[in-house]
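Reader: I'd like to go through a fold with you, feature by feature. Could you give me the general idea each time, and then the case at hand?

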Amino acid sequence: MKISYNWLKQFLHLDWDAEKAGELLTDLGLEVEGIQSFESIKGGLKGVVVGHITECNQHPNADRLKLTKVDVGENQILQVVCGAPNVAAGQKVAVATIGTKLYNAEGEEWVIKKGKIRGEVSEGMLCAEDELGLGESHDGIMVLDSKLKPGTPCATLFEVETDQVFEIGLTPNRADAMSHHGVARDLKAGLMHQDITLELITPSASNFGVDVRTKRVEIKVENPELAPRYCGITISDVKVASSPAWLQNRLKAIGLAPINNVVDITNYVLHELGQPLHAFDLNKINSNKVHVKTLPKGSKFVTLDGIERELHEEDLMICDADKPMCIAGVFGGMHSGITENSTEVFLESAYFDPVSVRKTAKRHGLNTDASFRFERGINIEMCDYALRRAALMIKEIAGGTISSDLKDLYPKKFDDFQVFLHFEKVSKLIGQDIDREIIKSILTSLEIKVNNITESGIGLTIPSYRVDVQREADVIEEILRVYGYNQIEISSKLNASIASTTRLEDYKLQDIIGNQLVSQGFYEILANSLSNPDYIEHLEDLDKAHNVKIINPLSSDLAILRRSMLFSGLEAIAHNINRKQSNLRLFEFGKSYHHYGETREEQKHLSLYLTGNLMEESWRQANQSSDFFYLKGILKNIFDRLGIKKIKSAPAKSTIYSEGLRYTWNKKKLVEFGVVRSKIVKSFGIKQQVLFADIHWDVVLEAVQRTTVKFEEISKFPSVRRDLALLLDEKTSFNDLHMAAMQTEKQFLTNIDLFDVYTGDNLPAGKKSYALSFILENPKATLTDKQIDKIMTKLQNSFQKQFEAEIR
C-alpha cells in the first residue's frame, strides 16, 4: 500500500523527515518496506530556466532552423539552434541547459548535450510543453511571461510538487490503516507515547447541505445481511472535466492515473478515509430506482473492463429497475459509469459483507482497491461522513449542486465490541510489567474508550473501525505495538518444559526414515496438496465422487485436494527433467484427501519416486538404470529399520502400475510399488521410466507400535553355507521356494538367497535354473556334517515334491 507523506501531513503537521517517520510507522506495526521519491513533473524541471531570446537569425545551412542567442542570466549568453516555427527575438522561453535530463511520454530519459546541428554549435534546447511534461502540445516552444527574469528556475514557476511515498507492507488484519487518515491516526498514537502531541486534522463536512430536492432516487436493499448499510445521494449540474493539478498529484503519487474530476474524487476519498465510493450516471439509472439484490445464476453482466461475466446466485449486485449496473463492492459496469457527457451523478457509499465480497471477487478473478478494503472490513460508521465529504468536493471542483437528501439505509446498527482487560493478563502475555497509567494513556491515544477502571483491570469499548480488535489478547497487542517491542527487556532466564514423548512418535520416525533415504541419495520434496481434477481421469480406481473440492479455487488446475501422491511427484520429475536433471530419487511425506459419503478422510503417506540412472555417467562403470528390484531393496531397508515383520506380498491392484507388488501387514495395505504406466508418465511429458512406491504411513505407525524388539545374543558358533542349483518350471518364483524352505526347516535355517538365474540354451522348454544359497546356524552348538546333510536332503525332497525340481 502506498502512502504519500505530503498527504499524510495534511492530517498531522509533522516536521520530521520521511525516514524518521517511516521508522516510527514500522515500530507501530505498519512496516515501511521502502520510500520512493515522487515528482509531479518527472525530473522536477531541474536545469530548465527562463531564457530571453536576444537574437534570432536564419540558420546558414538549413531553411527550417533558426540560430538564436539566449540570455539565461548571470551574464551568460547561449547559442541555441531551434526548429520551432514560433521562435522569435524578444521572447521569454524555457531553456534546457547542458546536462539537463528530460523524459519522453514513455518515461525514457534523455540528456541535453552540447553539439553541432548543421555545422553550428547548439548549447541547449528551447522546449515545448510536451518536452517538459507540462502538456501535450508540440506546435512550438513555450512562450513565457515577458516580465520573468532570465535565469529563474522553471520549477518555481510551474509549482513542481515533490513527495516521499511510503510502501507499507500492510498485514490483512489492519483494515483500519488502509487510508491516509488511518495511518495518520496510528502515527499520532505513536507520537503521543513519545510525548509529542499533535492534533489529528479530519476534513470537515459541517457545511454539507441540500441545495435542491429535485432528483430523488428510490433505494431498496433486498439483502440487508449482505449490505447492512447503504447510503446514496444525487448531485446535479456536474461538469465532468480534468481534475485540478493538486488532486492529480495526490493520485499520481500513490500510483493512480487520473480519469476525470468525479471519478478522481471517489478515488481520493477512498485513499483519504478508507471508504470505497461509486459514482453512477443518474441519467442511465432507469426509473431513478436503485435495488441492491442478487440475481439468478447465469445472468450476464458486462463489467467496466469490457468482459461479459456470468453471475453466481450469491453475487450481490447494484441494479436499477431493469438491469444490473455494478458488482457490489467489487467492480463497476460498462454502461452505468461517469463519462465526459455526464451531468447528473448518483453517489453510493456502503458497507458490504466482507465474506460475500471476497467470494464474489475470487469467483470473477477480480482484485480492486474497493474489494481489497471491503474484504477486510471497513468502518461502517464512516459511510455517511465519506459520502458528505465526496459530495462537497464534487460540488466545489465539478460545480455541481446537491439535489437530494442523503438517504441512509442502516436498519440494524452495529454494536461496538466490549472488552475487559486484566492487568495481570497484560503482564503475563508481554512478559513485563507496564505502568497502569501508561496503559491507560496508550489506549486513549488509540481512541479505545475507557469505561471503568478497577483494581484488576479496565472495561473498554473498541471503536468501530478496529474490526480486528475483539479479544483481550488483541488489546494487549495494541498496547505492545505502541509501547514498543524494542522496549521489552530480554530475560536472562530461559524457561522450558520437558515433553513426555516416546521414540515411536510420528515425527521421530519420519526423521529416522528421512535421514536413511537421504543417505541413499534421495532428495525430499514438499508438493502442493491442491491438485488438478483432470489427473483423476488417469486412474480407473479413483472415483470422482470422492474428490474434496475447493469452493473458490485459485485456478481450475488447483480445484481439488490431491487423491494420490503420484501426480505431484510426476510434476516435480517433469520440472527437473525439463531443467536437464534426469537422474532422480525423490521422497515426500504427505497426505491424500478423500470424501466418503458424509465424512472426509485424510491419509498419511510416504512416497518414493525413482527415474533415470542410479549413478552419474562415468568411464569407470556402465550405466545402471533405477529398476524395480532397486526400489524393492529400498523398501526392504525401510521396513527392516522400523522392525516391521510378517509382511505378505501379492500383485499390485492399482491401475497406476504396469507391473508392481502390494505388501500387506495384518491384512492392511502397507505399500504398493512398481513401474508407473507409460500412458500416465507420457501425459506429463516424461519419456523415461518412472518407479513409484506409495507407503501407507498410518499403517506403518500402527505396525511399529505393535512391534516388539527382543534382544538376541550374537551366536558363538559358526554358520554354514550350502548351495543348490535347481531346474524349475518357469512359473515357480523365488518367493515360493523361500516359503517352502522356511516351512521345511524352521530350527536352523536362518537365510536363503538367490544368487544366479539362468534361462536359455541347453535347458528344456519351459524351464529355468535357480542357484540358491542356504545359511544354517545352531545358536547352542556347532552343526555337524551329519546334521547339515540331513537338513539339505529334507530341503531337496521338499523342492522335488512341491515343485518337481531337479538337482543340476
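**Helix pairs, sheets and a salt bridge**

Author: Let's start with a helix pair: α19 passes α20 in a right-handed crossing. Keep in mind as we go that this is a predicted model.

Reader: Fine. How should I describe a pair like that beyond the handedness?

Author: Two numbers do the job in general: the angle between the axes of the packed helices and the distance between those axes. Here, α19 (residues 734–744) and α20 (residues 785–803) pack at about 130°, and their axes lie 10 Å apart. The two helices are therefore oblique to each other.

Reader: Which residues of α19 and α20 make the contact?

Author: From α19 come Asp736, Leu737, Ala740, Ala741 and Thr744, while α20 brings in Lys794, Leu795, Ser798, Phe799, Gln802 and Phe803. Sort the contact of α19 with α20 by class and you get 6 nonpolar, 3 polar and 2 charged residues.

Reader: At what angle do α14 and α16 pack?

Author: Same recipe, angle plus distance. Helix α14 (residues 506–519) packs on helix α16 (residues 628–642) at an angle of about 145°, with 11 Å between the axes. As for handedness, α14 passes α16 in a right-handed crossing. On the α14 side you'll find Leu509, Ile512, Ile513, Gln516 and Leu517, and they meet Ile634, Asn637, Ile638, Arg641 and Leu642 of α16. That contact divides into 7 nonpolar, 2 polar and 1 charged.

Reader: And how is α2 placed against α5?

Author: Helix α2 (residues 18–27) and α5 pack at about 90°, their axes 10 Å apart. That makes α2 roughly perpendicular to α5. Look for Ala21, Leu24 and Leu25 on α2, against Val183, Leu187, Gly190 and Leu191 on α5. The tally for this contact is 6 nonpolar, 1 polar and no charged residues.

Reader: On to sheets. What's the general idea there?

Author: Strands of a sheet pair through backbone hydrogen bonds, and the pairing is either parallel or antiparallel. One case to trace is an open sheet of 3 strands, in the order β1-β13-β2, with antiparallel pairing. Its edges are β1 (2–4) and β2 (31–39); each has a single partner strand, so one side of each is left without a neighbour in the sheet. From one strand to the next, the twist averages 30°.

Reader: How many bridges join β2 to β13?

Author: There are 8, and β2 runs antiparallel to β13 (residues 162–169). To find your place in the ladder, use glycine 34, which stands opposite glutamate 167 in β13. There's a helix on this sheet too: α6 (residues 245–253) touches β1, β2 and β13, and its direction makes about 140° with that of β2.

Reader: Which strands make up the sheet of 5 strands, and in what order?

Author: That open sheet reads β14-β17-β20-β21-β22, with mixed pairing. At its edges stand β14 (218–221) and β22 (331–332), each with a single partner strand, so one side of each is left without a neighbour in the sheet.

Reader: Where can I see the mix for myself?

Author: Sit on β17 and look both ways. Towards β14 there are 4 bridges, and the two strands run parallel. Towards β20 (residues 316–319), β17 (residues 289–294) also has 4 bridges, but that pair runs antiparallel. Histidine 291 in β17 is a handy landmark, as the bridge partner of lysine 220. In β20, the bridge partner of histidine 291 is cysteine 319. Further along, threonine 294 stands opposite leucine 316 in β20.

Reader: Last one: how many salt bridges does a search of the whole structure find?

Author: The general idea is that side chains of opposite charge can pair when their charged atoms come close. The search finds 37 here. One to look up is aspartate 176 with arginine 466, where the closest N and O atoms are 3.3 Å apart. This pair links distant parts of the chain, 290 residues apart. Aspartate 176 is in the loop between β13 and α5 (180–193), and arginine 466 is in the loop between β28 (457–461) and α13 (472–483).

Key
Residues numbered from 1 in each chain as written. Predicted model: local features only at pLDDT ≥ 70, side-chain atom pairs only at ≥ 80, totals over all residues. Heavy atoms only, no water. Pairing = 2+ DSSP bridges. Axes fitted to C-alpha atoms, helices over the stretch in contact; angles between N-to-C directions. Contact = heavy atoms within 4.5 Å. Parallel < 35°, antiparallel > 145°, perpendicular 65-115°, else oblique. Left-handed = near helix turned anticlockwise from the far one by under 90°. Nonpolar A, V, L, I, M, F, W, Y, C, P; charged D, E, K, R; others polar. Salt bridge = Lys/Arg side-chain N within 4 Å of Asp/Glu carboxyl O.
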